[in-house]
Amino acid sequence: MLDFIRQHIICVVFVAMGLFLIIGNISVMLSHRFKKTHASGIPFLGGLLIAIGFLTTPKPLKYLALLGFLDPTIWMMFVSIYYCKNEDAILEKRYAPFFAEHDFSPAREDESLQIVSEILYTGREEFPHVQEYSYKTNTPFRVGYPWALMMVTEKDGRRFLVLDTGTEGNLKKLDPDKISIHPFEENAVILHDAADFLEGQMVVRIVKKDDPEHPADA
């Protein structure tokens, strides 16, 4: 082992740095999943460093560069590409039973209106998270960070906010226990501690697009 380290010190250094980054990325992913805390990892670099390290060795060892694929962020890239490419179809299938059950009005757009969400996270009230969306009913929007899904729907002349907090790693399956429907009162919905990752006050408003300081007509 010592002879290998002396002869291939560059490989050892690159592989050690790569392993350090991979362990760090795994720690971040586990924190996201179980502790509901969020930090940014460094994708792909760990596996790349391992591959570069072994490529500096003689031919019989170069094949160990394939160990770079042990970096889970490389595989997550392909998963992300799949979801980004197919997200609309996945979400349509996700909510089809929900819409069939509740019989909301058909989807429509209104170019004169927009949807504005503002989240004041507990402990971070001085940094409100504000997002704006075109007014499209029955259309899922990502809201917050970490994100949930929300939709504005209409029925019998009234507007409703559908909040879906069951988005933890699975866009395909809808969890009925994590979806809630809230009526708009004067074109606003105010929620408190909507989920363990949405602790604080969340306000969703329907406003005039050319005058966002004023609410839409009821």
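**Note on the predicted model: cores, helix H5 and salt bridges**

1. Setting aside residues within four places of it in sequence, Val143 is in contact with Ser117, Ile119, Gln131, Tyr133, Ala148, Leu149, Met150, Leu163 and Met202. Apart from the core to which Val143 belongs there lies another, made up of 13 residues, including Phe104, Leu149, Met151 and Leu174. It should be kept in mind throughout that this is a predicted model, and that every point below describes that model.

2. The largest nonpolar core has 22 residues, and those touching the most other members are Ile115, Val143, Met150, Leu198 and Met202. Two or more residues each are contributed to this core by strands E1 (109-121), E2 (129-136), E3 (141-143), E4 (148-155), E5 (158-164), E7 (188-192) and E8 (200-208). Of these elements, E1 gives the most, with 4 residues.

3. Helix H5 spans residues 72-102, and a kink of about 70 degrees is found in H5, with its centre on Asn86. The residues of H5 that are buried are Thr73, Ile74, Glu87, Ile90, Leu91, Arg94, Tyr95, Phe98 and Phe99, a list in which the charged residues Glu87 and Arg94 stand beside nonpolar ones such as Ile90 and Leu91. After H5 comes Asp103, which has a positive phi, near 55 degrees.

4. Which residues does Tyr95 contact, once its neighbours within four places in sequence are left aside? They are Pro140, Leu149, Met151, Asp164, Leu174 and Ile179, and among these Leu149, Met151 and Leu174 are also named as members of the core of 13 residues. Tyr95 itself is in helix H5 and has a relative accessible area of 2%, so it counts as buried. By contrast with those contacts, the C-alpha atoms of Tyr95 and Leu120 are separated by 28 Å, although the two residues are 25 apart along the chain.

5. Thr153 has its place in strand E4, and because its relative accessibility is 0%, Thr153 is classed as buried. With neighbours within four places in sequence left aside, Thr153 is in contact with Phe99, Phe104, Thr137, Asn138, Arg158, Arg159, Phe160 and Val162. Phe99 in this list is one of the buried residues of H5, while Phe104 is one of the members of the core of 13 residues.

6. The structure holds 6 salt bridges, one of which joins Glu87 to Arg142, with the closest N and O atoms 2.6 Å apart. Since Glu87 lies in helix H5 and Arg142 in strand E3, this pair ties together parts that are 55 residues apart in sequence. The two partners do not fall in one accessibility class: Glu87 is buried, with a relative accessible area of 17%, whereas Arg142, at 34% relative accessibility, is partly exposed.

7. A salt bridge between Glu185 and Arg158 has its closest N and O atoms 3.7 Å apart. This pair, too, links distant parts of the chain, with Glu185 in the loop between strand E6 (179-183) and E7, and Arg158 in strand E5, the two being 27 residues apart. Arg158 is partly exposed, at 40% relative accessibility, and Arg158 is also among the residues in contact with Thr153.

8. Arg108 and Asp110 form a salt bridge whose closest N and O atoms are 3.8 Å apart, and Arg108 is partly exposed, with a relative accessible area of 33%. Both residues belong to a network of salt bridges that also links Glu154 and Arg159.

9. Is Glu109, in strand E1, buried or exposed? With a relative accessible area of 56%, Glu109 is exposed. Apart from neighbours within four places in sequence, Glu109 is in contact with Tyr135 and Lys136. Glu109 and Lys136 are 27 residues apart in sequence, yet their C-alpha atoms are 4.5 Å apart in space.

10. A nonpolar patch on the surface is formed by Phe44, Leu66, Phe69, Trp75, Met77, Phe78 and Ile81, which together have about 710 Å² of accessible area. Ile81 lies in helix H5 and is partly exposed, with a relative accessible area of 48%. Helix H5 thus has a member in this surface patch, Ile81, as well as buried residues, including Ile90 and Phe98.

Terms used: Residues numbered from 1 in each chain as written. Predicted model: local features only at pLDDT ≥ 70, side-chain atom pairs only at ≥ 80, totals over all residues. Heavy atoms only, no water. Patch = residues over 30% accessible without salt bridge, like charges linked within 9 Å, V, L, I, M, F, W, Y side chains within 5 Å. Areas by Shrake-Rupley, 256 points an atom, 1.4 Å probe, with all protein chains shown as cover. Salt bridge = Lys/Arg side-chain N within 4 Å of Asp/Glu carboxyl O. Buried < 20%, exposed > 50% of the residue type's maximum accessible area, 1.4 Å probe, protein only. Core = buried A, V, L, I, M, F, W, Y, C linked by side-chain atoms within 4.5 Å. Contact = heavy atoms within 4.5 Å. Bend = angle between axes of the 7 residues up to and from the residue.
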